Amino acid sequence: MKTKGFTMAEVLITLGIIGIVAAMTLPSLINNKRNKALETAFKKNYSVIEQALNMYYAQNGERLTKDTIAEGHLKGTIIKYFNVLVDCGRGSEWDASALEKTCIPNYENEGSTDKNSTNYKTFNGKTNIYLRPFDDGQFVLNDGSLILLEDSTPRNLYISVDVNGYKQNPNRLGQDLFMFQISEQGKLLPMGAEGTTYYRETDEYCSKTSTSNMNGAGCTIKALTEKDYFSKL
């Protein structure tokens with residue numbers, strides 16, 4: 001009795017079909033996994049920043065605002081309320097050894113060519129972001145997240161976070177780099193919410209088509225409120 005089997009041609013055709021299906025679905029699976037990881041890290045960091053501000057309040061009996069701390073003192077004031085792996089320094093006092101590993105030097109001009117620098121892109125990846133709102137100190141948390149601060153004239157207090165560290169892509173504002181603003185009452189506001197610097201009724205600061213060099217700054221509120229935000233990245 002002869003045993004019926006597959007011919008070599010049939011086997012090759014089957015393997016070819018499997019390969020085509022895998023090539024079509026694997027990128028989507030990888031992207032979904034990455035986006036889910038970004039969402040988890042974003043929510044975790046939002047909670048960590050809120051907890052830090054609440055600990056400041058519990059210890060000092062007042063909310064942290066631009067009126068309760070002197071200009072330039074944001075980093076020195078809040079760093080003690082985080083679990084910090086690397087203190088990157090501030091302004092002209094960057095820690096050179098830290099820069100080589102986990103931190104970035106920030107400049108007022110986007111597009112720095114410094115060898116230690118990384119150029120974050122806007123939400124749609126069309127241009128480099130404007131770095132000045134991130135240049136008043138930074139430190140790396142134990143989980144690798146990078147905190148970047150803004151505390152200078154005009155007095156706006158921003159706390160931003162690259163949720164997976166600058167050496168991990170996508171390095172885009174509104175995708176893995178998110179901005180928060182401390183209100184005059186000491187409340188942590190997701191950037192893009194009404195009352196924040198980058199709030200607009202239009203999508204100027206969170207759009208796939210905007211040409212603004214701060215496109216993505218206003219995405220934080222959407223990341224918190226839209227259930228499918230990360231799945232659409």
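Among contacts in the protein chain between residues at least 6 apart in sequence, 55% join residues at least 24 apart, and this is a useful figure to keep in mind while looking at the structure, which is a predicted model. The protein chain has 233 residues, of which 45% count as buried. Its exposed surface comes to about 12,700 Å², with carbon and sulfur atoms supplying 52% of that area.

The chain contains 4 helices and 6 strands, and if you follow these elements from the N terminus on, they run in the order α-α-β-α-β-β-β-β-β-α.

We can turn next to the interior. The largest nonpolar core is made up of 32 residues, and those with the most contacts inside it are Ile49, Leu64, Ile147, Ile159, Phe178 and Tyr229. Two or more residues of this core are given by each of the elements α1, α2 (74-78), β2 (138-141), β3 (146-152), β4 (156-162) and β5, and the largest share, 7 residues, comes from α1. Ile147 shows what such a position looks like in detail: leaving aside residues up to four places away in sequence, Ile147 touches Ile49, Gly137, Gln138, Phe139, Leu141, Ile159, Ser160 and Val161. Apart from the largest core lies another one, of 21 residues, which includes Val86, Val140, Met191 and Ala217.

The aromatic rings offer a second way into the structure, and the count of aromatic pairs comes to 11. One of them joins Tyr46 and Phe180, whose rings are stacked, with 5.4 Å from centre to centre and 5° between the planes. Because Tyr46 lies in helix α1 (residues 8-60) whereas Phe180 lies in strand β5 (residues 177-182), this pair ties together parts that are 134 residues apart in sequence. Phe180 has a relative accessibility of 0% and therefore counts as buried, since the cut-off for a buried residue is under 20%.

A pair with another geometry is formed by Tyr198 and Tyr205, which meet edge-to-face, at 4.9 Å centre to centre and with 80° between the planes; both of these tyrosines, Tyr198 and Tyr205, are buried.

Some of the rings also join into a group, for Phe42, Tyr46, Phe123, Phe178, Phe180, Tyr229 and Phe230 form one aromatic cluster. Two members of this cluster, Phe178 and Tyr229, have already appeared among the residues with the most contacts inside the largest nonpolar core.

Finally, a ring can also have a charged side chain as its partner, as happens where Arg63 lies over the face of Tyr57, at 4.1 Å from the ring centre.

Terms used:
Residues numbered from 1 in each chain as written. Predicted model: local features only at pLDDT ≥ 70, side-chain atom pairs only at ≥ 80, totals over all residues. Heavy atoms only, no water. Phe/Tyr/Trp six-rings, centres within 6.5 Å; stacked < 30°, edge-to-face > 60°. Buried < 20%, exposed > 50% of the residue type's maximum accessible area, 1.4 Å probe, protein only. Lys NZ or Arg CZ within 6 Å of the ring centre and 35° of its normal. Core = buried A, V, L, I, M, F, W, Y, C linked by side-chain atoms within 4.5 Å. Contact = heavy atoms within 4.5 Å. Areas by Shrake-Rupley, 256 points an atom, 1.4 Å probe, with all protein chains shown as cover.
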